[in-house]
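Q: Here is a chain to go through, with the reasons behind the labels put on its residues. Please set each value against its definition before concluding.

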Amino acid sequence: DKVSVYRIYDGSSPREFPGADGPVRNSEGAQCPRCSVLEAMRRSINTVFYQMALDVGPDNVAALAHKMGVPAKRTDNQVPTLTEKDGSGTAAGIGLGQYEVRPLDQAAGFSVFANGGVQHPAHFVTRVLDSSGHVVWENGVKSSRALDPKVANDVTYAMKPIAAASEDPLADGRDSAAKTGTQQLNHSDVDNSDAWMVGFTPQVSTAVWVGAAGYEKIRNADDRPKE
C-alpha cells in the first residue's frame, strides 16, 4: 500500500509557517505547488517536509528518531538531542535537519528502512574470539522493531529514485535507496550550512556529511553552494 507517498502537499516557496522565525524556502527557489511525497523526496522540497513535521508533530518525529537509534542524549555531555536548549520542545525545523545528528546515527537510522523496520543498535565489535575460535566476549546487542514493515517499505520505495535523480546511481542497475539533504543558512535559498547524502543497499547503510564546525556557508571548489 503506497497511498501515503502520493499524498499532495503545497511545496511552493517561500512559505510562512506558525512558529517559524522566518519564511521557509526551497533550495534554489524550487517550486512544487501540488507536490506528492514522492516528488518532494526526489526534489528535496523543504516546504513540504516542514509542513509534514507540523502535521505529525515535531515531538513525535523526535521520538521516532530516538526509537530508530538516535541517542536521546549526546554521548559527550549528556545534553538532550533533537530538542530546543530552552526546554520548549522540538521545533518543526526537525523536518529540515535543524538539530545535530551524527553521521553514524544517520546510517544506523536508515538501516531500519533497509531491515524492514527492525532496528539494530550501532556497534563496532560484535564478538571477540580467541586463537581457537572460542567466543571470549560478545556485546549482546538486541534488535527491536521500530517501524511497521509497510511504513519502512513505503519510505524505501519513495527513496529509490533519488540516487539516479542526483546523478549518483549504483553501477549495473543495483538497487539502492537514498536521501540528499541540506540545512539552509539563515533561511537563504542559496547557501547551506550542511549537506548530506544517506542511503542503503540491502546489505549496507552509509551516511556522508559535509559541513563546518560553526554555522557558516559551505561552498565547493568553484565557490558554488554545496548541495
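A: A helix here is a DSSP run of H or I with at least four residues, and helices are numbered from the N terminus. Asn46 lies in one of these runs, helix α2. The model is a predicted one.

Q: Why is Asn46 called buried or exposed, whichever applies?
A: Buried means under 20% relative accessible area. Asn46 has 7% relative accessibility, so Asn46 counts as buried.

Q: Which residues is Asn46 in contact with, leaving aside its neighbours within four places in sequence?
A: Contact means heavy atoms within 4.5 Å. By that rule Asn46 is in contact with Val24, Arg25, Asn26 and Ser27, and also with Leu96 and Gln184.

Q: What makes the chain as compact as a globular protein of its length?
A: The secondary structure of the chain comes to 6 helices and 9 strands. For 227 residues the globule rule gives 17 Å, and the radius of gyration of the chain is 19 Å, which is close to that value, so the chain is as compact as a globular protein of that length. The C-alpha trace spans about 65 × 45 × 40 Å along its principal axes.

Q: How much of the chain is buried, and what share of its contacts with a separation of 6 or more joins residues 24 or more positions apart?
A: Buried residues make up 37% of the 227 residues. Residues 24 or more positions apart account for 53% of those contacts.

Q: What does the chain expose, and how are its charges placed?
A: About 13,200 Å² is exposed, and carbon and sulfur atoms supply 52% of that area. The chain has 23 positive and 28 negative side chains, with the centres of the two sets 4 Å apart.

Q: How do you know that the buried residues of α3 line one face of the helix?
A: In α3, residues 58-67, the buried residues are Pro58, Ala62 and Ala65. Seen down the axis of α3, the buried residues fall within an arc of 60°, so they line one face of the helix. What covers them includes α2, residues 46-56. After α3 comes Gly69, whose phi is positive, near 125°.

Q: What is noted about the phi of Ser44, and why does Ser44 count as buried or exposed, whichever applies?
A: Ser44 is a residue other than glycine, and its phi is positive, near 55°. Ser44 lies in the loop between α1 (37-43) and α2. With the cut-off for buried at under 20%, the 18% relative accessibility of Ser44 means that Ser44 counts as buried.

Q: Where is Leu82 found, and what is its phi?
A: Leu82 is found in the loop between α3 and α4 (103-114). Phi of Leu82 is near 55°, a positive value in a residue other than glycine. Leu82 has a relative accessible area of 6%, so Leu82 is buried.

Q: Why is the peptide bond from Ser13 to Pro14 called cis?
A: Omega of that bond is near 0°, and the bond is cis. Pro14 has its place in the loop between β1 (8-11) and β2 (32-36).

Q: What makes Ala122 partly exposed?
A: Partly exposed covers what lies between under 20% and over 50%. At 43% relative accessibility, Ala122 therefore counts as partly exposed. Ala122 is found in the loop between β3 (118-119) and β4 (127-129). Not counting residues up to four places away in sequence, Ala122 touches Leu104 and Ala108.

Q: How do you know whether Ala158 is buried or exposed?
A: Ala158 is found in helix α5, residues 149-159. The relative accessibility of Ala158 is 2%, so Ala158 counts as buried. Beyond residues up to four places away in sequence, Ala158 touches Val5, Leu38 and Met41. The C-alpha atoms of Ala158 and Leu185, 27 residues apart along the chain, are separated by 27 Å.

Q: Why does Met159 count as buried or exposed, whichever applies, and what is Met159 in contact with?
A: Met159 lies in helix α5. At 2% relative accessibility, Met159 counts as buried because buried means under 20%. Leaving aside neighbours within four places in sequence, the contacts of Met159 include Met41, Phe110, Phe113 and Phe200. Ala177 is another of its contacts, and the C-alpha atoms of Met159 and Ala177, 18 residues apart along the chain, are separated by 4.9 Å.

Note on methods
Residues numbered from 1 in each chain as written. Predicted model: local features only at pLDDT ≥ 70, side-chain atom pairs only at ≥ 80, totals over all residues. Heavy atoms only, no water. Helix = DSSP H or I, 4+ residues; strand = E, 2+ residues; numbered from the N terminus. Rg over C-alpha atoms; globule rule 2.2 N^0.38 Å. Buried < 20%, exposed > 50% of the residue type's maximum accessible area, 1.4 Å probe, protein only. Areas by Shrake-Rupley, 256 points an atom, 1.4 Å probe, with all protein chains shown as cover. Lys, Arg positive; Asp, Glu negative; His and termini not counted. Charge placed at Lys NZ, Arg CZ, Asp CG, Glu CD. Arc of directions from axis to C-beta.
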